[in-house]
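Trainee: I'd love to learn how to read a protein model. Could we go through one together?

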Amino acid sequence: MTIRSLFVSGVAAALLASGPLARAGAVDDHGRPRGVDLATLGRLTTQDGSPFATAALRGKPTILFFGYTHCPEVCPATLLEMTTYLRELGEEADRVNVIFVTVDPERDTVETLAPYLSNFDPRIVGLTGSIENVDAVVKAFGATRFESTTGGAYYSVNHTASTFLIDRYGLLARIVDYGDDRELAKSAARLLAQ
């Protein structure tokens with residue numbers, strides 16, 4: 001049983017079944033990678049407080065996913081899976097970027113993101129910023145995010161749980177469903193082999 005499958009719940013299944021990215025696959029009808037506005041990522045801040053340099057994306061494949069620190073299951077499971085994946089890659093791990101973009105920037109400030117992400121592989125870069133800048137990234141990737149209207153300070157944020165694979169040329173090459181570990185490993189290996 002994979003790490004990710006240990007955390008799957010009815011909530012996770014509901015997230016997978018909703019939204020425009022509910023199925024994994026190529027990112028357009030012809031199976032070809034497509035451009036995505038990566039400049040939107042440059043408007044965000046890393047967990048160490050510095051602006052994110054999109055130059056880090058050049059020449060390296062990138063695994064990107066959305067989440068938030070108060071997420072009960074899906075997000076920590078994905079971060080744990082990415083930690084395991086990077087560990088298994090060994091020296092090859094330096095050839096891939098892994099980016100966690102918060103969908104809850106009001107709570108996920110730099111001061112919150114840094115200690116949270118310290119529980120996972122240090123190569124995972126967390127990004128936060130204004131709600132407008134986060135929404136621009138969400139829109140650029142065709143993802144979704146919306147806050148629940150109940151719960152007060154303990155509100156949840158529903159979001160696309162898929163993982164986005166960007167090739168070394170900066171094109172969105174694949175979208176993998178949450179829980180599809182085999183497809184994620186296979187697609188990431190293809191990108192590393194470019």
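Trainee: Which strand does helix H6 run at about 160° to?

Mentor: Happy to help, and keep in mind that this is a predicted model. Helix H6 covers residues 181-192 and lies across S3, S8 and strand S9. The angle of about 160° is given relative to the strand at residues 171-176, and that is S9.

Trainee: Which strands stand at the edges of the sheet?

Mentor: Start with the order of this open sheet of 7 strands, S1-S9-S8-S3-S4-S5-S2, which has mixed pairing. An edge strand has a single partner strand, so one side of it is left without a neighbour in the sheet. That description fits strand S1 (34-35) and strand S2 (45-46).

Trainee: What is the bridge partner of Ile 63 in S8?

Mentor: Strand S3 spans residues 62-67 and pairs with S8 in the antiparallel sense, over 4 bridges. In S8, the residue bridged to Ile 63 is Leu 165.

Trainee: How many residues apart in sequence are the parts that Phe 141 and Phe 164 tie together?

Mentor: These two rings form an edge-to-face pair, 5.4 Å centre to centre with 70° between the planes. Phe 141 lies in the loop between helix H5 and strand S6, while Phe 164 is in strand S8, so the pair ties together parts separated by 23 residues.

Trainee: Is Phe 141 buried or exposed?

Mentor: Phe 141 belongs to a cluster linked by ring pairs, together with Phe 66 and Phe 164. Buried means under 20% relative accessible area. Phe 141 has 0% relative accessibility, so it counts as buried.

Notes. Residues are numbered from 1 along each chain as its sequence is written. This is a predicted model: local features need pLDDT of at least 70, side-chain atom pairs count only at pLDDT 80 or more; totals for chains, interfaces and linings use all residues. Side-chain values use heavy atoms; hydrogens and water are left out. Rings of Phe, Tyr and Trp (its six-membered ring) pair if their centres lie within 6.5 Å; planes under 30 degrees apart count as stacked, over 60 as edge-to-face and the rest as tilted. Helices (H or I, at least four residues) and strands (E, at least two) are DSSP runs, numbered from the N terminus. Buried means under 20% relative accessible area, exposed over 50%, partly exposed in between (1.4 Å probe, protein chains only). Two strands pair if DSSP finds at least two bridges between them. Contact means heavy atoms within 4.5 Å. Axes are lines fitted to C-alpha atoms, for helices over the stretch in contact, and angles run from 0 to 180 degrees between N-to-C directions.
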